[in-house]
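Here is a small set of exercises to work through with the model open beside you. Try each task yourself before you read its solution.

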Amino acid sequence: MGKDVIIACDFDSAQKTLDFLDRFEGKKPFVKIGMELFYAAGPDIVRKIKERGHKIFLDLKLHDIPNTVKKAMAVLSGLGVDMCNVHAAGTGRMMQAALEGLTRPDGSRPLLIAVTQLTSTDEETMRRDLLIDRPLDEVVMHYARTAMEAGLSGVVCSPLEADKVHNVCGKTFVTVTPGIRFEGGETGDQKRVTTPALARELGSDYIVVGRPITAAPDPVVAYERCIKEFLN
Ligand code: C5P
């Protein structure tokens, strides 16, 4: 898999999503389906977007006991998505179980990555709410190493951590990085943010961009700007 921009299609209906994708005439952006859309539109929206020829990152961030995650992943692997994920906080054993569930009888499977710390969490929140008093970087690197040892292909982290993750886990360990904002753009609930250009400099493999594209006056122009800054 190469470098790419993934659009977070955080919409509450299939129709809104398909109308949004219709604007990208002739282009087939890599699409992320998260909880909002999946809970609203179900597995059918995954099939529909796939039929249209898009690559899909199914971002459901599973986090449960290993057996439940394994069985849920076995169901998701049948949808033919390209990438899906779990929370690394679910432990190495849960991540191994996820991988087993995801692996199809012919040995193929989507890329499985782990969320380290959400990009809406900063060190202070982590200390106060999660009672984790280590530096955020150290926590992210530990989760990345645990994910790698469990056999996963990469992590979701902030672009600010992508370079370190590559140093710890190797260059082929994939970094998928949300928390992307254009220069001077609204950060909203995100805390560890960078621009697409900085994400490229820091070595992100994939940037995940939601509101800066979906809420832009012209989403196609915003997408092209991301591609230009991130890939060129
Ligand atoms: O709108 P925005 O660009 O902030 O969207 C970021 C997307 O990436 C959202 O769909 C969010 O759920 C997802 N995400 C994230 N941080 C993570 C993992 C996923 O923001 N660590």
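The exercises below concern a predicted model, and each task is followed by a worked solution.

**Exercise 1. The ligand and its surroundings**

Task: Find how many residues surround the ligand, which of them are the closest, and how the shell divides by class.

Solution: Start with the count: the ligand is surrounded by 17 residues. The closest are Asp-10, Lys-32, Thr-119, Arg-181 and Arg-211. Next, sort the shell by class: eight residues are nonpolar, three are polar and six are charged. Then look at the site itself, where the ligand sits in the largest pocket. Finally, ask which elements give two or more residues to the shell; these are strand E3 (56-62), strand E8 (206-209) and helix H10 (211-214).

**Exercise 2. Polar partners of the ligand**

Task: For Lys-32, Gln-190 and Arg-211, give the distance between a polar side-chain atom and an oxygen atom of the ligand.

Solution: Take Lys-32 to begin with: an N or O atom of its side chain is 2.7 Å from a ligand oxygen. Arg-211 also places a polar side-chain atom 2.7 Å from an oxygen of the ligand. For Gln-190, the distance from a side-chain N or O atom to a ligand oxygen is 2.8 Å. Now check these against the cut-off: a polar contact is a pair of N or O atoms within 3.5 Å. To finish, turn to the ligand surface: taken alone, the ligand exposes 460 Å², and the protein buries 87% of that.

**Exercise 3. Lys-32 in its strand**

Task: Decide whether Lys-32 is buried or exposed, and find which side chain makes a polar contact with the side chain of Lys-32.

Solution: First place the residue: Lys-32 belongs to strand E2, residues 30-34. Its relative accessible area is 7%, so Lys-32 is buried, since buried means under 20%. Then look for a partner within the protein: the side chain of Lys-32 makes a polar contact of 2.5 Å with the side chain of Asp-59. Add the ligand to the picture, and Lys-32 is also among the closest residues to it.

**Exercise 4. Positive phi outside glycine**

Task: Say where Lys-61 and Thr-91 lie, and what their phi values are.

Solution: Begin with Lys-61, which is found in strand E3. Its phi is near 45 degrees, a positive value in a residue other than glycine. At 21% relative accessibility, Lys-61 counts as partly exposed. Move on to Thr-91, in the loop between strand E4 (83-87) and H5. Thr-91 is not a glycine either, yet its phi is positive, at about 90 degrees. With a relative accessible area of 44%, Thr-91 is partly exposed.

**Exercise 5. Distance in sequence and in space**

Task: For the pairs Gly-92 with Ala-147, Gly-151 with Ile-113, Lys-171 with Asp-205, and Tyr-39 with Glu-149, state how many residues apart they are in sequence and give the C-alpha separation in space.

Solution: Work through the pairs in turn.

- Gly-92 is in helix H5, residues 92-102, and counts as buried at 18% relative accessibility. Gly-92 and Ala-147 are 55 residues apart along the chain, with 6.5 Å between their C-alpha atoms.
- Gly-151 lies in the loop between helix H7 (136-149) and strand E6 (154-156). Its relative accessible area is 32%, so Gly-151 is partly exposed. From Gly-151 to Ile-113 there are 38 residues in sequence and 9.6 Å in space, C-alpha to C-alpha.
- Lys-171 is placed in the loop between helix H8 (159-169) and strand E7 (174-177). Lys-171 is exposed, at a relative accessible area of 59%. The C-alpha atoms of Lys-171 and Asp-205 are 9.6 Å apart, while the two residues are 34 apart in sequence.
- Tyr-39 is part of helix H2, residues 35-41, and is exposed at 62% relative accessible area. Tyr-39 and Glu-149 are 110 residues apart in sequence and 31 Å apart in space, C-alpha to C-alpha.

Key: Residues numbered from 1 in each chain as written. Predicted model: local features only at pLDDT ≥ 70, side-chain atom pairs only at ≥ 80, totals over all residues. Heavy atoms only, no water. Near = heavy atom within 4 Å. Polar contact = N/O pair within 3.5 Å; in protein donor to acceptor, adjacent residues only side chain to side chain. Areas by Shrake-Rupley, 256 points an atom, 1.4 Å probe, with all protein chains shown as cover. 1 Å grid on protein atoms, 1.4 Å probe; cavity = no way out; pocket = protein on both sides within 12 Å on 5 of 7 lines; lining within 4 Å. Sits in = over half its atoms within 2 Å of the grid points. Helix = DSSP H or I, 4+ residues; strand = E, 2+ residues; numbered from the N terminus. Nonpolar A, V, L, I, M, F, W, Y, C, P; charged D, E, K, R; others polar. Buried < 20%, exposed > 50% of the residue type's maximum accessible area, 1.4 Å probe, protein only.
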